[in-house]
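Student: Hey, I've got a model open and I'd like to get my bearings before lunch. Can you walk me through it?

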Amino acid sequence: MTHVQLPDGSVKPYPVGTTPLTIAESIGPRLAKACLAAEVDGVIVDLQRPLPAAPPERPLQLKLLTERDPQALGVMRHSAAHVMARAVMRLYPGVGLAFGPTLAHGFYYDFDLADRIREEDFAKIEAEMARIIADAEPFERFELPRDEAMAFCADLNQALKVEHVQTGLADHPTLSFYRQGEFADLCRGPHIPDAGRIKAFKLLSVAGSHWKGNASGKPLQRLYGTAWFSAKDLAAYLAQMEESKRRDHRVLGKQHGLFHISHDVGPGLCLWLPKGATIRGILEDFIKAELLKRGYQPVYTPHIGRVEMYETSGHFPYYRDSQFAPLFGHPAGAFVDRWITQLETGELTPENERKYFEFADLLECRVPEYQLAAPREARLTALKAWQGQQERYLLKPMNCPHHVQIYKSQPRSYRDLPVRLAEFGTVYRHEQSGELNGMLRVRGLTQDDAHQFCTPEQVEEEFRQTVQLVQFVLGSLGLNEYRVQLSLRDPQSDKYVGSEENWQRAEQSLRHVLGELQLAFEERAGEAAFYGPKADFMVRDCIGREWQLGTVQLDYNLPERFQLEYIGADNRPHRPVMIHRAPFGSMERFVGVLIEHFAGAFPLWIAPEQARILPISEKMQDYAVRVEGQFRDAGFRVRSDLRPEKVGYKIREAQLELIPYMLVVGQREAEEGTVSVRDRIEGDLGSMPVAEALTRLTVEVKDRRIRQTAPPAEPVAPVEDALGEAHEY
RNA sequence: GCUAGCGUAGCUCAACGGUAGAGCUCCGGUUUUGUAAACCGGAGGUUGUGGGUUCGAUUCCCACCGCUAGCUCCA
């Protein structure tokens, strides 16, 4: 017998091998019909999956999943991926199947296919899918031992699946498959009972991908789709995608003159236009004031630094590929650099080496110690010695080494700690061209950076305060929904530096403080920086999209590498701990996210132009200018629209420019000393004395009030990790 | 960087082998205006760059630059 406990708490016995479906039927036919899958002890399974034995004192926890459960949505989408693959196989015979997992809002399937799938082809694939769904054939699970499974995949001509059974699933003695009509696929499942349960779906896009996500792996075509339990849900999702498009910061940034990326300056290099710069300046002032209150000290550091310093920090060797090339003082600098690299990797043939040697002379790079007959190590030493004597600078990819030098510039006592050095530091990173995206991913960015140097005992308190700062900062901008990701190292990987002990200590501290602050956080292995673990703030915007913004990182490593010290109470030198943190992340990215979050309609305290004075006719110009002066004197960013246009035209324009307040002034206002206030959200608020309007706006700024122009519809919720590692097979 | 698609006036788009067009913006004029668009006129282009095919290229081909989506990456 097995014992099953339902969500209402009741425990009932059933014969072993009973399926969730049978149980559902025993409860009621309507439920049985509505069920899509079941959750047994937290694991989602097929309705037809026999239940294992369980004693009455530890019954199986069974939850029957219907359309109301988000997990069921994930299961259905995975089935939709199978349906799509089946349709593609019918239309493109010989297609190879890779993986087809679910996503937060849909699914994809990777295909190995010589023909190019284009968006024009979607209609016919969707039509084929619709046929398959109309047939409503069941998904049937079956299992095979490894050898048979491999032979089965080979028979189906699915080479990638065979490879995956051999490699990724090497430790699985038996493998499961799902069959649906003529279509069978290696798959962990689970699936919905039959394809007829897919009520609304749509193919979204096609793009390239690689086998097993490896950039050098076999190129595949990835077909993206989404599926829902009702046409209404699908429509809501598509509407949200439209909304994302409407909020695109690149479009709004251009429209409202916030920033510009010029072909002539270079890709990924952001030009802040006056309005964008105003927004950034306000945010910077806001942070600076906050840092002052919290004991930070401002510093400024140069945009370049010696390569050797970044070799010490580890950034240069680790991130070489995504940095701008070093600036060499000697014309042969880059040449010698390549020479060294080739010598080190053994790529250099004796003949080429002779050429290098001759060419070096032409470039007036004289290395007398370099002997072609000498051992390789000696030749390398000679070249490196030459290189060491030359000027070699790096555009700074990180601020930390510079701040470390400031820490080191004087002896430090434990009484001085924590030392908190803050700088809006601009850094340059040569991001891959395909990664660039408006302000969200750029090659030159300014971090609202700071480095805190503290004693090991102070780490937790310092970390706590820093997390609270990030919370305060995000909250001030109306970004109140976020989750914290605790990014830890991948114990398998060798990309991390530093001792095991320090890593454990650092990870433990972060975990402890986050727990204490009662912050919901999830741990992610393999996401840490190479020098330490970090807490990343994943912020949800008003239409439900997540952005990684602020970050707080713990670092026991750089202090080690740079031999940082402070004198302790025992009068002996000790090693401090560093915290790297940036509440916004980068100004570029943060402002980009804010543009999308507010759809360009910034709250009054941030808006580049807070109010515009609109005289009814040219006769009221003098009064308009006088009012403008009064607002400007009170610290507002205002201007007057003195063009000889009708007021309706001026209002329309100001409204489209998302100016928070319009102050209409005509004959009446001029006589009474009032302004007619128009709010961009509420519309006409009527006339009021200038002083009253000033107070109104002043309060709104002081409270940093956030009023959305158009409160967006309830975001379509993502299905989180519905099937975990389902794509593994 | 990879795969695919795309680069036409300041912006949004049309023309797709045969003299490059519209709306908005901009400029000039008329109108002196009361809460989302007054009217008239004008200017604006080496069709991303460089080659090639052709009598003729914005259109077809190649290379480069850039943009977009996705992949990979993100200190």
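**Core, pocket and salt bridges**

Tutor: Sure. Let's begin with Leu 283, which touches Leu 477, Phe 584, Met 587, Phe 590, Val 591, Leu 594, Trp 605 and Ile 606, leaving out residues up to four places away in sequence. Keep in mind that this is a predicted model.

Student: OK, and which residues have the most contacts inside the largest nonpolar core?

Tutor: Leu 283 is one of them, along with Phe 463, Leu 477, Phe 590 and Phe 602. That core has 57 residues.

Student: Which helix gives the largest share of this core?

Tutor: Helix α16, residues 459–476, with seven residues.

Student: And what's in the second core?

Tutor: That one is separate and has 46 residues, including Ile 44, Val 75, Cys 187 and Leu 234.

Student: Switching topic: how much space lies in the largest pocket?

Tutor: About 1200 Å³. The lining has 40 residues, and the closest to the pocket's centre are Arg 429, Glu 431, Gln 447, Lys 534 and Gln 548.

Student: What's the mix of nonpolar, polar and charged in that lining?

Tutor: There are 14 nonpolar, 15 polar and eleven charged residues.

Student: Which helices and strands each supply at least two lining residues?

Tutor: α11 (315–319) does, and so do the strands β21 (444–454), β22 (482–488), β24 (534–540), β25 (546–555) and β28 (577–582).

Student: Let's stay on β25 for a sec. Is Gly 550 buried or exposed?

Tutor: Buried, at a relative accessible area of 0%. Gly 550 sits in strand β25 and touches Ala 535, Asp 536, Phe 537, Ala 582, Pro 583, Phe 584 and Gly 585, again skipping residues up to four places away in sequence.

Student: How far is Gly 550 from Asp 448?

Tutor: In sequence, 102 residues; in space, 9.5 Å from C-alpha to C-alpha.

Student: Now salt bridges. How many turn up in the whole structure?

Tutor: A search finds 53. One of them joins the side chains of Glu 311 and Arg 392, at 3.6 Å from N to O. Glu 311 is in helix α10 (residues 307–313) and Arg 392 is in strand β19 (residues 392–395), so the pair ties together parts that are 81 residues apart in sequence.

Student: Why does Glu 311 count as partly exposed?

Tutor: Because its relative accessibility is 34%, and partly exposed runs between 20% and 50%. Arg 392 is buried, at 5%.

Student: What about Arg 464 and Glu 516?

Tutor: Their side chains meet in a salt bridge at 2.4 Å, N to O. Arg 464 is in helix α16 and Glu 516 in helix α17 (residues 500–516), so this pair links distant parts of the chain, 52 residues apart. Arg 464 counts as buried at 17% relative accessibility, whereas Glu 516 is partly exposed at 43%.

Student: Does β25 come back here, I mean, which strands hold Glu 546 and Arg 483?

Tutor: Glu 546 is in strand β25 and Arg 483 in strand β22, 63 residues apart. Their side chains form a salt bridge at 2.8 Å, N to O, and Glu 546 is partly exposed at 31% relative accessible area.

Student: Last one: which residues are linked in a network of salt bridges?

Tutor: Arg 86, Arg 90, Glu 128, Arg 131, Glu 137 and Glu 182.

Technical notes: Residues are numbered from 1 along each chain as its sequence is written. Chains are lettered from A and ligands numbered from 1 in the order in which they are written. This is a predicted model: local features need pLDDT of at least 70, side-chain atom pairs count only at pLDDT 80 or more; totals for chains, interfaces and linings use all residues. Side-chain values use heavy atoms; hydrogens and water are left out. A nonpolar core is a set of buried Ala, Val, Leu, Ile, Met, Phe, Trp, Tyr and Cys residues joined through side-chain atoms within 4.5 Å. Buried means under 20% relative accessible area, exposed over 50%, partly exposed in between (1.4 Å probe, protein chains only). Helices (H or I, at least four residues) and strands (E, at least two) are DSSP runs, numbered from the N terminus. Contact means heavy atoms within 4.5 Å. On a 1 Å grid over the protein atoms alone, a cavity is a set of points where a 1.4 Å probe fits but cannot get out, and a pocket is an open set with protein on both sides within 12 Å along at least five of seven lines; lining residues have an atom within 4 Å of a point. Grid points are joined across faces, edges and corners, and a volume is the space filled by probe spheres set on the points. Ala, Val, Leu, Ile, Met, Phe, Trp, Tyr, Cys and Pro count as nonpolar, Asp, Glu, Lys and Arg as charged, and the others, Gly among them, as polar. A salt bridge is a side-chain nitrogen of Lys or Arg within 4 Å of a carboxyl oxygen of Asp or Glu.
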